[in-house]
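Colleague: Hi! Could you pull up the model and walk me through a few spots in it?

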Amino acid sequence: MVNFSLEGKIALVTGASYGIGFAIASGFAKAGATIVFNDIKQELVDKGLAAYQEAGIKAHGYVCDVTNEEQVNALVAQIEKEVGAIDILVNNAGIIKRIPMIEMSAAEFRQVIDVDLNAPFIVAKAVIPGMIKKGHGKIINICSMMSELGRETVSAYAAKGGLKMLTRNIASEYGEYNIQCNGIGPGYIATPQTAPLRERQADGSRHPFDAFIVAKTPAARWGTPEDLVGPAVFLASEASDFVNGHVLYVDGGILAYIGKQPK
Ligand code: NAP
Ligand code: GCO
């Protein structure tokens, strides 16, 4: 019998007060997991706790900046004490800066790399010893179309290409401890992060980028955070115990598609 259940598992989803992280954590809870999440500010954690409660989910929320190794180590120790050792980690917290590369400061570039690549390293490093002790663990890194593709203004999001390779490195180094590390590469998903790309124009028409994405996606729509739930539950469950170092693109077909032919 294939086992997709997360019953009895403890899952830490970073930056999961809303958006993709919230949807994945909520899906994990429905599959039986105990949910722990963090966010960078108390007000976001409070907002998240209220949203989980409204969804009928008992979640544990903590303030923690995932780029800060000391804070992350303290968070993991606190979770182990108050909730239990972590079985599933989703490195979801992320940022993007849309700035033409020659106008971007090195400090801005570093900030994106810090949250989107250094932080998954820091958090994974903190939870792996507990997973080794338990004899199993699942790490899911939230990658991107930009793990494979380039586009104007998002040079620092190259971090997501690095995150794909970090995924393969963790899988290579800790697979023998029954730890599977995989990525999910979301396509274009309607969340606050992508809201500026979907804003209506002054004349009420669609943002040109919005129309571009719908045309570029065989599914002919933006994804929703809920589209990521099934793939995430699969990668967190025993059903994927021999899947390691893979990035599962959940993109409505973008990466498979050459684009619409001109009329
Ligand atoms: P989002 O709406 O911006 O949510 C990300 C969360 O992470 C926010 O709560 C954010 O807090 C938090 N965060 C940022 N920096 C942090 C830090 N240093 N420590 C702790 N938490 C921090 O993003 P989303 O669209 O749901 O995206 C979630 C993940 O998917 C990100 O890694 C993103 O890059 C990735 N992704 C998104 C899309 C998409 O189309 N939306 C596609 C592919 C990949 P603040 O609100 O304060 O920033
Ligand atoms: C952008 C977008 C993307 C998406 C996503 C695609 O400006 O191109 O924000 O980077 O958020 O990561 O997978």
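Colleague: Which helix does Ala126 lie in?

Modeller: Ala126 is part of helix H4, which covers residues 106–134. Keep in mind that this is a predicted model.

Colleague: Is Ala126 buried or exposed?

Modeller: Ala126 is buried, because its relative accessible area is 16% and the cut-off for buried is under 20%.

Colleague: And how far is Ala126 from Leu75, going by C-alpha atoms?

Modeller: Their C-alpha atoms are separated by 9.3 Å, and the two residues are 51 residues apart along the chain.

Colleague: Okay, let's switch to the strands. How many residues of E6 are buried?

Modeller: Eight of its eight residues, so the strand made of residues 179–186 counts as mostly covered.

Colleague: Which residues sit on each side of E6?

Modeller: On one side you have Ile179, Cys181, Gly183 and Gly185, and on the other Gln180, Asn182, Ile184 and Pro186. Both faces are covered.

Colleague: What does E6 pair with, starting with E5?

Modeller: Strand E5, residues 137–142, runs parallel to E6, and six bridges join them. In that pairing, Ile142 stands opposite Ile184 of E6. To get from E5 to E6 the chain passes through helix H5 (residues 159–174), making a right-handed β-α-β crossover.

Colleague: How many bridges link E6 and E7?

Modeller: Four, and that pairing is parallel too: E7 is the strand of residues 247–250. There, Pro186 faces Val250 in E7.

Colleague: New topic: how many disulfides are there?

Modeller: Zero disulfides in this structure.

Colleague: Why is Cys64 not bonded to the closest cysteine sulfur?

Modeller: The closest cysteine sulfur belongs to Cys181, and because it is 19 Å from the sulfur of Cys64, it is too far for a bond. A disulfide needs the two sulfur atoms within 2.5 Å. Cys64 is also buried, with a relative accessible area of 2%.

Colleague: What about Cys143, how far is its sulfur from the closest one?

Modeller: The sulfur of Cys143 is 8.5 Å from the one in Cys181, again too far for a bond. Cys143 is buried as well, at 3% relative accessible area.

Colleague: Can we look at the ligands? Which residues come nearest to ligand 1?

Modeller: There are 30 residues around ligand 1, and the nearest are Tyr18, Asp39, Asn92, Tyr157 and Thr191.

Colleague: What polar atoms lie by the oxygens of ligand 1?

Modeller: An N or O atom in the side chain of Asp39 is 2.8 Å from an oxygen atom of the ligand. For Lys160, a side-chain N or O atom is 2.9 Å from a ligand 1 oxygen. Ile20 uses its backbone instead, with an N or O atom 2.9 Å from an oxygen of ligand 1. The protein covers 91% of the 880 Å² of accessible area that ligand 1 has on its own.

Colleague: And which residues are closest to ligand 2?

Modeller: Arg98, Ser144, Arg151, Tyr188 and Gln193, out of 14 residues that surround ligand 2. A polar atom in the side chain of Arg151 lies 2.5 Å from one of its oxygen atoms. Pro186 has a polar backbone atom 2.7 Å from an oxygen of ligand 2.

Colleague: How much of ligand 2 is covered?

Modeller: The protein covers 96% of the 340 Å² of accessible area that ligand 2 has on its own.

Colleague: Last one: where is Ser144?

Modeller: Ser144 is in the loop between E5 and H5, and it is buried at 5% relative accessibility. A polar atom of its side chain lies 2.8 Å from the backbone nitrogen of Met146.

Notes. Residues are numbered from 1 along each chain as its sequence is written. Chains are lettered from A and ligands numbered from 1 in the order in which they are written. This is a predicted model: local features need pLDDT of at least 70, side-chain atom pairs count only at pLDDT 80 or more; totals for chains, interfaces and linings use all residues. Side-chain values use heavy atoms; hydrogens and water are left out. Buried means under 20% relative accessible area, exposed over 50%, partly exposed in between (1.4 Å probe, protein chains only). Helices (H or I, at least four residues) and strands (E, at least two) are DSSP runs, numbered from the N terminus. Two strands pair if DSSP finds at least two bridges between them. A crossover is right-handed if, with the strands pointing away from the viewer, the path from the first strand over the helix to the second runs clockwise. A residue is near a molecule or strand if one of its heavy atoms lies within 4 Å of it. A polar contact is a pair of N or O atoms within 3.5 Å; within protein, one must be able to donate a hydrogen and the other to accept it, and residues adjacent in sequence count only if both atoms are side-chain atoms. Accessible areas come from the Shrake-Rupley method with a 1.4 Å probe; for residues, only the protein chains shown count as cover.
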